[in-house]
Protein chains: 2
Amino acid sequence: MGKAITPRAEDYSQWYNDLVLKAGLADYSAVRGCMVIKPYGFALWENMRDVLDKMFKATGHVNAYFPLFVPKSLFEAEEKNAEGFAKECAVVTHYRLKADPQNKGKLIVDPEARLEEELVVRPTSEAIIWNTYKDWIQSYRDLPILINQWANVVRWEMRTRLFLRTAEFLWQEGHTAHATEAEAMAEARQMLEVYAEFVENYMALPVIKGSKTENERFAGAVETFCIEALMQDGKALQAGTSHFLGQNFAKAFDVKFSDKNNQLSHVWATSWGVSTRLIGALVMAHSDDDGLILPPRIAPLQVVLVPIFKGVDQLDVIRSRMAPVLAELRMAGISVKFDDNENNRPGWKFAEYEMQGVPVRVAVGNRDLENNTVEVARRDTKEKMTVSMDGLAIYISQLLNDIQQNLYKRALDFRNGMITEADDWDSFVNILDTKGGFVSARYDGSSETEEKIKDLTKATIRCIPLEADSSSGLCVLTGKPAGGRVLFARAY
Amino acid sequence: MGKAITPRAEDYSQWYNDLVLKAGLADYSAVRGCMVIKPYGFALWENMRDVLDKMFKATGHVNAYFPLFVPKSLFEAEEKNAEGFAKECAVVTHYRLKADPQNKGKLIVDPEARLEEELVVRPTSEAIIWNTYKDWIQSYRDLPILINQWANVVRWEMRTRLFLRTAEFLWQEGHTAHATEAEAMAEARQMLEVYAEFVENYMALPVIKGSKTENERFAGAVETFCIEALMQDGKALQAGTSHFLGQNFAKAFDVKFSDKNNQLSHVWATSWGVSTRLIGALVMAHSDDDGLILPPRIAPLQVVLVPIFKGVDQLDVIRSRMAPVLAELRMAGISVKFDDNENNRPGWKFAEYEMQGVPVRVAVGNRDLENNTVEVARRDTKEKMTVSMDGLAIYISQLLNDIQQNLYKRALDFRNGMITEADDWDSFVNILDTKGGFVSARYDGSSETEEKIKDLTKATIRCIPLEADSSSGLCVLTGKPAGGRVLFARAY
């Protein structure tokens, strides 16, 4: 079928690329580091986006849209943020092309159309948004502002990978403004919980909630909260971040409000985002050597029904017998496709839908009709069951729930087995090199030590878990006194 | 209340700007020609987008996402398209900023990070998409491709206006590929019908369907179909376009398919789009000197309920009496807000919701409670009615339908009264200068005459109506023999 992909054991990285391409999620493009999100991949993103959007609205947020471009003078206003993103900015310098006088039919940049001030293509929107909030906020009555934006952003990464790290990606970015520090901190924590709930309950992917060290913090944040997930190859992946920005942006853009006593203060801020990177995490967490495995709650297609037939007459009989069953499934809110394509054989279809990760396959042939049964196959375990057509919708509803739970449990068991404590340097290195996963270890709290561990092992501190470890001991590298354990890992 | 806006009769253009700002639809930004779409404006766009998206999916289309950037060499491949957009392209030339050695804390474009090939920020995506389709299409089995994309695009316009003409705007762009000319033409016509249905049935705005003359055609199209609407000031507005692209892009990007007989042919194409410009059309078509008027089917909020009370006790009584009424309205699928804000007086709220164009306002005070009635005010006609609380949801459902119909009818009557025939030059100019609207006239069919009429009057041929006029006569300008009437107008 020309659809075989590299097995994970042979080359995990190649397996991932093969899978993303062959399942029809994305494709490379003519633009360095930018991808095309194909219809199947985009349908998955739409499902994820719609769930998240509802969760944001349920927590009081509204959507808006801010410009793609950030004038350089605004971009540089918050110095740490600017410093953090300057090295990966696409910059618009001109606003016109003209005919190339040397080369008929070709165009050149018109040197006379140089912008007075260069425009940065947003890598993130704090600068342009806080420059706008300045006009919107005068009084405590204008607060809080709870805005989210669904947008494309550009970060000129040198090494790119489909979904995981692309020069352009799609994301949502929440930007909120508050009268008090406590309210802003509560917002940042709330959105971390929203992300964790989404990733665990919809993507079936367990996460560890924590905060970042100063080294790993978002440029311009006072505190970065994150959810960290574990991939099948034992590498960690940051699945979402929520930042408490303090008054950094309010000060950079001079955004003040007068309180009930007419006292002026700087506004408190948060920002938070998840991106199409989540699709990469989803692929790497659940899938196998036959293709994608998708959690039913976000799968673009939950059930495929494949008729096994010879000739149009048999197909017609199956079609008419299955019509009420299909209707029943749809009434139950299940998305289902009846694949009556006559050019492809059932075996080809089975492999195709396995590649695409459709959670449940139903096959029905002549003998099934006689027995009033169908053959149901679940994608996650590959089990096949013979099931009565009567009450099939109830059976499949339950099965979709079971698959959702099973995927989560499988990922959770794997993840839990991949958190290993290390109390000395040899063990620390050994775990990273042989087992992978999270290494739970102590360090002396200095950025130097953190940096040195990264240089020596490529492992970073993924997070200081929110469920704090109040014990103490010695730093795994320097032997100096150290506080509670944090989680190290090599990461995407 | 500081909310008064310039009356239309005084300055229509200023009225429009005031209204967009004061109704909270959009705001200016720090980026020349780019706007901020504020939450209320974005909620409106979300409603429009969701309806359109359903209509696209119902006609077999799927969504995908293609890169923001178009390498210059791809951009110039389809020469007419390139020529048409070259003069308004934002161009990315560098991918990095660095610290300014002359100026601490400031950044400059890093001259060493110049791109080998410049990237155009997409003004439209035919080039990048057809370069991708080349890899996706080999055989007739790969056709048709029916893809739509929701995206931001950038056209560096010199004169910008909120929603109507901005450097960056949001839109959808459909890009389809077909095996035959007839199928592509049918697709282009089908999408014109989808747009007309949306604009008429949801935006309550009557349109004239037609095709463009060569002068007004999309750069790179063989035929451009359009829907044209009329604004209250008598100027026309192009509300959507659907292009039959022939094989122009397939030839430019060498996209061929083999048919059932293994014959290679170039693929046939369409593209079609509507944008946030529609919001400008909506504002200008229906609104009045007190603010926005929104059609119920796309209004972010359909009903506002304003309690008239003195003190918390009265408010509590009203709240408890209205709770079941609110529930009943929501059960009927009506979006409704109970505005119990105690800081603003009812009169202030009335003005505010009129400014925002909320279709129905319900006021309820003490005496209403005694009489088991409410006061219902409709935004379109400003009529007020005293209505029983019993069965209020049914009453309001019907009222929302009536408002939707009334807005359409009002706009249709106005538009129909503004199509005027002219058979000589003096009448032609006179109608444009005194009455405005569409002038139905004949011309000799030459681009020169069309151009001359534009130079003399600023009127362009908005469309050759699909309901063809098979009569003949003389050209209104040159007196030469001419075919059926076409529609001229000054336009946005």
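Trainee: How many helices and strands does chain A have?

Mentor: Chain A has 14 helices and 27 strands. Keep in mind as we talk that this is a predicted model. The C-alpha trace of chain A spans about 80 × 70 × 55 Å along its principal axes, and buried residues make up 59% of its 492 residues.

Trainee: What share of the contacts in chain A with a separation of 6 or more comes from residues 24 or more positions apart?

Mentor: Such residues account for 68% of those contacts.

Trainee: How do you know that Cys226(B) is in no disulfide?

Mentor: Look at the sulfurs. A disulfide needs two cysteine sulfur atoms within 2.5 Å. For Cys226(B) the nearest cysteine sulfur belongs to Cys463(B) and is 4.8 Å away, so by that cut-off of 2.5 Å the pair does not count. Over all chains, the structure holds 0 disulfides.

Trainee: And what about Cys475(B), how far away is the nearest cysteine sulfur?

Mentor: It is 17 Å away, again on Cys463(B), and Cys475(B) is in no disulfide.

Trainee: Why is Cys475(B) called buried?

Mentor: Buried means under 20% relative accessible area. Cys475(B) has 4%, so it is buried. Cys226(B), at 0%, counts as buried too.

Trainee: On to rings. Why is the pair of Phe85(A) and Phe218(A) called tilted?

Mentor: Two numbers decide it. Ring centres must lie within 6.5 Å to pair, and planes from 30 to 60 degrees apart are neither stacked nor edge-to-face. Here the centres are 5.8 Å apart and the planes are at 55°, so the pair is tilted. The structure holds 38 aromatic pairs over all chains.

Trainee: What makes the Phe85(A) and Phe218(A) pair a link between distant parts of the chain?

Mentor: The two residues are 133 residues apart: Phe85(A) sits in helix α4, and Phe218(A) in the loop between β11 and β12 of chain A. Phe85(A) is buried at 6% relative accessible area, and Phe218(A) also counts as buried, at 12%.

Trainee: How do you know that Tyr133(A) and Trp136(A) form a tilted pair?

Mentor: Their rings are 5.8 Å apart centre to centre, with 40° between the planes. An angle that is not under 30 and not over 60 degrees counts as tilted.

Trainee: Why are Tyr133(A) and Trp136(A) said to be separated by about one helical turn?

Mentor: They are 3 residues apart in helix α5 of chain A, so about one turn separates them. An α-helix has 3.6 residues a turn, so residues three or four places apart point the same way. Tyr133(A) is buried at 0% relative accessible area, and Trp136(A) is buried at 13%.

Trainee: Which residues do ring pairs link into a cluster?

Mentor: Trp45(A), Phe56(A), Trp150(A), Tyr195(A) and Trp272(A).

Trainee: Tyr195(A) makes me curious about what Val274(A) touches. Which residues are they?

Mentor: Beyond residues up to four places away in sequence, Val274(A) touches partners including Tyr195(A), Leu52(A) and Trp171(A). Val274(A) lies in strand β16 of chain A, and its 3% relative accessibility makes it buried. Its C-alpha is 9.8 Å from that of Arg49(A), a residue 225 positions away along the chain.

Trainee: What makes the peptide bond between Leu143(A) and Pro144(A) stand out?

Mentor: That bond is cis, with omega at about -5°. Pro144(A) lies in the loop between α5 and β9 of chain A. In chain B, the bond from Leu143(B) to Pro144(B) is also cis, with omega near -5°.

Trainee: Why is Asn262(A) called exposed, while Lys382(A) is called partly exposed?

Mentor: Exposed means over 50% relative accessible area, and partly exposed falls between 20% and that value. Asn262(A) has 63%, so it is exposed. Lys382(A) has 33%, so it counts as partly exposed.

Trainee: What is noted about the phi of Asn262(A)?

Mentor: Phi of Asn262(A) is positive, about 65°, although the residue is not a glycine. Asn262(A) is in the loop between β14 and β15 of chain A. Lys382(A), likewise not a glycine, has a positive phi near 65°, and lies in the loop between β20 and β21 of chain A.

Definitions and conventions
Residues are numbered from 1 along each chain as its sequence is written. Chains are lettered from A and ligands numbered from 1 in the order in which they are written. This is a predicted model: local features need pLDDT of at least 70, side-chain atom pairs count only at pLDDT 80 or more; totals for chains, interfaces and linings use all residues. Side-chain values use heavy atoms; hydrogens and water are left out. Helices (H or I, at least four residues) and strands (E, at least two) are DSSP runs, numbered from the N terminus. Buried means under 20% relative accessible area, exposed over 50%, partly exposed in between (1.4 Å probe, protein chains only). Contact means heavy atoms within 4.5 Å. Rings of Phe, Tyr and Trp (its six-membered ring) pair if their centres lie within 6.5 Å; planes under 30 degrees apart count as stacked, over 60 as edge-to-face and the rest as tilted.
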